[in-house]
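Trainee: I'd like to go through this model with you and ask where the labels come from. Can we start with the basics?

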Amino acid sequence: MAKGRQLKGRIRSIRNTRKITRTMELVATSKLKRAQDRVVAARPYSEALREVMADLVTPELAEGFPLLRQPKAPAQGGPRRAAVILITSNRGLAGAFNANLIKEARKRIEQLEAEGLTVDLYGLGKKGIGFFKYLGRTLAAERQDIGDRPTAEHAVEIAAPLIASYERGELASVDLVQARFLSAMQTPPATVRILPVDTGGSRREQAGAGASGKRALNYILNPSADAILQELLPLYVRNAVYRGLVETVAAEHGARRTAMKNATDNAGELIQILTRTYNRQRQAQITQEIAEIVGGAAALQG
């Protein structure tokens, strides 16, 4: 059993650690609010883009746009390469946040390789880059400069070369491995297919099929649907990357706040246990000293 002086040293050390974890919890909470505001602002814009494209796209129109066209399988002469973008954080102390994202990326890579595709991995964030480099995997590109304040310019720089490669027929697909920010306590990893673009089907066709006895709506577009989609499709892909960046940043801060709160609570419980142990030892020592004094006085009187 540890002596009283050792217990006091441990209690002092844990209290200092608790101050650090409490401070990190407060910092993560402050950053989480700003990151959450960016997520809330990005979601309606992304959904509006999807709705507009779903209204415009028809099967005939989709064939004229490479970003909408489903590529052939590798066995049928289609592209033999696929891209996976992995977003992780540059810092740790966020529980299993980065480990879950890396696990999701490895799962997706294995699925694509099982289909006969060669996977080009794009790493965003120090933790994911470091892990795959440790495994000896060569990354197609890596970036550690985005940090916790991603911008639309960052999304453009990431998406532009991938869009160009897909339009040239060099890539079969592009997947984005990110964290979904559902709440500060729920940040599950997810794989989002950003190329080819999936608009969820034509809303005009769905409305026409489901509205028996009703006339389908016809749209008069100026400029034409082709001209609108020519601008919207690359914008939609860039926005999907940007949304993935801001959601992952918010999820990181939420995971770090949760991890630091748990660490602070655990430190408080450990301090209570050690303090009780120290008090018991001190009380036993005092009782023993009193007994020795009483015994000595009785011996002198005898």
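Mentor: Sure. Helices here are DSSP runs of H or I with at least four residues, strands are runs of E with at least two, and both are numbered from the N terminus. Pro196 belongs to neither kind of run: it is in the loop between β5 and α6 (203-210). Keep in mind that this is a predicted model.

Trainee: What makes the peptide bond from Leu195 to Pro196 cis or trans?

Mentor: Look at omega, which is near 0° for that bond, and that makes it cis. Most peptide bonds are trans.

Trainee: And what stands out about phi of Leu93?

Mentor: The sign. Phi of Leu93 is near 55°, a positive value in a residue other than glycine. Most residues other than glycine have a negative phi. Leu93 sits in the loop between β1 and α3.

Trainee: Why is Leu93 called exposed?

Mentor: Exposed means over 50% relative accessible area. Leu93 has 53%, so the label fits. Gln76, with 58%, is exposed as well. Gln76 is in the loop between α2 (59-62) and β1, and its C-alpha is 62 Å from that of Glu269, a residue 193 positions away along the chain.

Trainee: What puts Met53 in its accessibility class?

Mentor: The cut-off for buried is under 20%. Met53 comes in at 1%, so it counts as buried. Met53 lies in helix α1, and its C-alpha is 26 Å from that of Pro189, with the two positions 136 residues apart in sequence.

Trainee: Why is strand β2 described as largely enclosed?

Mentor: Count its residues: six of the seven in β2 (residues 118-124) are buried, so the rest of the structure largely encloses it. The count for β1 is also six of seven buried, so that strand is largely enclosed too.

Trainee: How do you know that β1 and β2 pair?

Mentor: Pairing needs at least two bridges found by DSSP. Seven bridges join β1 (residues 81-87) to β2, and the two strands run parallel. The threshold is at least two, so they count as paired. In that pairing Arg81 stands opposite Thr118, while Leu86 faces Gly123.

Trainee: What makes Arg43 and Glu247 a salt bridge?

Mentor: The limit is 4 Å between a side-chain nitrogen of Lys or Arg and a carboxyl oxygen of Asp or Glu. The closest N and O atoms of Arg43 and Glu247 are 3.5 Å apart, so the pair qualifies. This pair links distant parts of the chain, with Arg43 in helix α1 and Glu247 in helix α7 (residues 225-301), 204 residues apart. The two partners fall into separate classes: Arg43 is partly exposed at 29%, whereas Glu247 is buried at 1%. By this rule the model has 18 salt bridges.

Trainee: Which partners does Asp175 have?

Mentor: Arg108 is one of them, with the closest N and O atoms 2.8 Å apart. Asp175 is in strand β4 (residues 174-179) and Arg108 in helix α3 (residues 97-114), so this pair ties together parts 67 residues apart in sequence. Both Asp175 and Arg108 are buried. Asp175 also meets Arg193 in a salt bridge, at 2.5 Å from N to O. Arg193 is in strand β5 (residues 189-195), so here the tied parts of the chain are 18 residues apart. Asp175 is buried at 2%, whereas Arg193, at 38%, counts as partly exposed. Elsewhere, salt bridges with shared partners join Lys31, Arg91, Asp148, Glu252 and Arg256 into one network.

Trainee: Last one: what makes a positive patch out of Arg5, Lys8, Arg12 and Arg282?

Mentor: Patch members need over 30% relative accessible area and no salt bridge, and like charges are joined within 9 Å. Take Lys8: its 42% makes it partly exposed, and that value is over the 30% a patch asks for. These four residues gather in the patch on the surface. Helix α1 (residues 4-56) supplies the largest share, three residues, and Lys8 is found in that helix.

Terms used
Residues are numbered from 1 along each chain as its sequence is written. This is a predicted model: local features need pLDDT of at least 70, side-chain atom pairs count only at pLDDT 80 or more; totals for chains, interfaces and linings use all residues. Side-chain values use heavy atoms; hydrogens and water are left out. Patches are made of residues with over 30% relative accessible area and no salt bridge: like charges are joined within 9 Å, nonpolar side chains (Val, Leu, Ile, Met, Phe, Trp, Tyr) within 5 Å. Accessible areas come from the Shrake-Rupley method with a 1.4 Å probe; for residues, only the protein chains shown count as cover. Lys and Arg count as positive and Asp and Glu as negative; His and the chain ends are not counted. The place of a charge is taken as NZ of Lys, CZ of Arg, CG of Asp or CD of Glu. Buried means under 20% relative accessible area, exposed over 50%, partly exposed in between (1.4 Å probe, protein chains only).
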